[in-house]
Amino acid sequence: MKTSTFFKSILVLSVFLLPLIVNAQTNDELLNLLLKKKLVTQQEADSLRADLAIKEQQNKNTQKAFPLVLGRALNLTGLFQERYQSFQGNSGIDGFDTRRARLDFKGAITDHWDYELYVEFAGTPALLDGYTTYKFANYLKISAGQFKIPFSVESLTADSQLELIDRSQVEEALTARAKDVLGNQNGRDIGAQINGNFLKLNGNYLFEYTFGVFNGNGVNRADNNQDKDVAGRFTAHPIPDLSISYDFYHGRDIYGTITTTQLRNRQGFDARYVYNRLSITAEYDKGTDATINRDGWYAQAAWFLIPGKLQLVGKYDTYEPNKIIDTDRSNWYIGGINYFFNPWTKLYLDYTYKREETPAQVRNNLLAAEIQVIF
């Protein structure tokens, strides 16, 4: 009886393992046959075996990251963030909010052609990214659709990869986000761009560039004037792990209390250095909206106290919404603790100490916590 059960178990396991064994044997037998008929050399056969081994390992790594793979040309991942905010004084109402609930559909049509559809479900469902990219070579890729404007290292950083819960004041004001004159466009617009990398040294590219043309009217909207906006970003990597960038945005867009076509220009510099447990980021941006000049900058450092588990973050953030007013600059001092339960689940805890250049200080400090799940 026991022998019968044992053989049944072996039979069941064989049903599951047979396709893998057959596939491995088929590849190996095919290579041996090609060698026997002298259609490939031993070196070519060894190279093919190595390529197959690499692809098999890549498949295993993909499965560990657990995106849902549907067919040949669709990977599905997602992001969920639930936040709690506690406001000092009367600056806000304490409470929870589902900040982001997103699905990301992306895939490769061919080896050179891919696409992405990134959809937000928190609040009113909306398309964030919807574009396709054709890669001629590493130095030339062409994208068309709706995607992030190539301006600001912090704006271009994915929401799931931020080291603090919120972006800087100047980014919210000048990169098509919450305080921009266009309203919150999540840093995105509709248009076309080219980008690429060039001059490779010791396995790393020294330079990268992006240049794009956009409607200038925000996401999921047709253009409302004949003018088109242009944006560009140039990045140098003088040493590994260091990025130094200059970017610009020049536009004429319709906005304001009296909706007319007005200037909406930006310029900025940023740098980011990541080495082992340490990351340092600094950025300065300035902008002109109609006749109002604004600017701001921040400096941020993050350190993994426990590698891959516990991260400490500190930031100084200053912003002036109107350069001709001497009492409107705000200075924020932010401290954060991030705990990683695993590579896909993260808890943020941030405290923001706010100071304004006003005779009477406003009690508006903020304590915030956020749980993030990537799937």
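A pocket, as the word is used here, is an open set of grid points where a 1.4 Å probe fits, with protein on both sides within 12 Å along at least five of seven lines, and its lining residues have an atom within 4 Å of a point. With that in hand, let's look around this predicted model.

The largest pocket holds about 1,200 Å³ of space. Its lining runs to 43 residues, and Tyr131, Lys148, Leu156, Thr157 and Ala158 sit nearest the centre. Which element gives the largest share of that lining? Strand E7 (residues 188-201) does, with five residues. By type, the lining splits into 13 nonpolar, 16 polar and 14 charged residues.

The second largest pocket has about 700 Å³ of space. Here 34 residues make up the lining, with Arg99, Arg100, Asp166, Glu172 and Ala178 nearest the centre. Several elements chip in at least two lining residues each, among them strand E2 (75-87), strand E3 (95-108), strand E5 (126-137) and helix H4 (169-174). Strands E16 (330-342), E17 (345-356) and E18 (366-374), from further along the numbering, do so as well. This lining divides into twelve nonpolar, nine polar and 13 charged residues.

Now for the charged pairs. Side chains of opposite charge can pair when their charged atoms come close. The model has 23 salt bridges, and three of them are set out below.

| Salt bridge | Closest N to O distance |
|---|---|
| Asp159 with Arg100 | 3.1 Å |
| Asp129 with Arg188 | 2.8 Å |
| Asp270 with Arg233 | 2.9 Å |

Take Asp159 and Arg100 to begin with, a salt bridge at 3.1 Å. Asp159 is in the loop between helix H3 (153-156) and H4, while Arg100 belongs to strand E3, so the pair links parts of the chain 59 residues apart. Both partners are buried.

Next comes the bridge between Asp129 and Arg188, at 2.8 Å. Why does this pair tie together parts that are 59 residues apart in sequence? Because Asp129 lies in strand E5 and Arg188 in strand E7. Buried means under 20% relative accessible area, so Asp129, at 6%, counts as buried, and so does Arg188, at 3%.

Asp270 and Arg233 meet at 2.9 Å. Asp270 is in strand E12 (residues 260-275) and Arg233 in strand E9 (residues 229-236), which puts the two 37 residues apart. Both of these are buried too. There is also a network, in which salt bridges with shared partners join Asp180, Asp253, Arg264, Arg266, Asp289 and Arg294.

On to the nonpolar side. In soluble globular proteins, nonpolar side chains tend to be buried together. The largest nonpolar core in this model has seven residues: Phe147, Ile149, Phe151, Ala176, Phe214, Ala231 and Tyr249. Apart from that core lies another, of five residues, including Leu164, Ala302, Val313 and Trp332.

What does Tyr249 touch, leaving aside its neighbours within four places in sequence? Its contacts include Ile149, Phe151 and Ala231, which are also members of the largest core. Tyr249 also contacts Arg264 and Arg266, two residues of the salt-bridge network. Asp189, Gly216, Asp229, Val230 and Asn265 complete its contact list.

Stepping back, the chain has four helices and 18 strands. Of its 375 residues, 37% count as buried. Among contacts between residues at least 6 apart in sequence, 46% join residues at least 24 apart.

Terms used. Residues numbered from 1 in each chain as written. Predicted model: local features only at pLDDT ≥ 70, side-chain atom pairs only at ≥ 80, totals over all residues. Heavy atoms only, no water. Core = buried A, V, L, I, M, F, W, Y, C linked by side-chain atoms within 4.5 Å. Buried < 20%, exposed > 50% of the residue type's maximum accessible area, 1.4 Å probe, protein only. Contact = heavy atoms within 4.5 Å. 1 Å grid on protein atoms, 1.4 Å probe; cavity = no way out; pocket = protein on both sides within 12 Å on 5 of 7 lines; lining within 4 Å. Points joined across faces, edges and corners; volume = space filled by probe spheres on them. Nonpolar A, V, L, I, M, F, W, Y, C, P; charged D, E, K, R; others polar. Salt bridge = Lys/Arg side-chain N within 4 Å of Asp/Glu carboxyl O.
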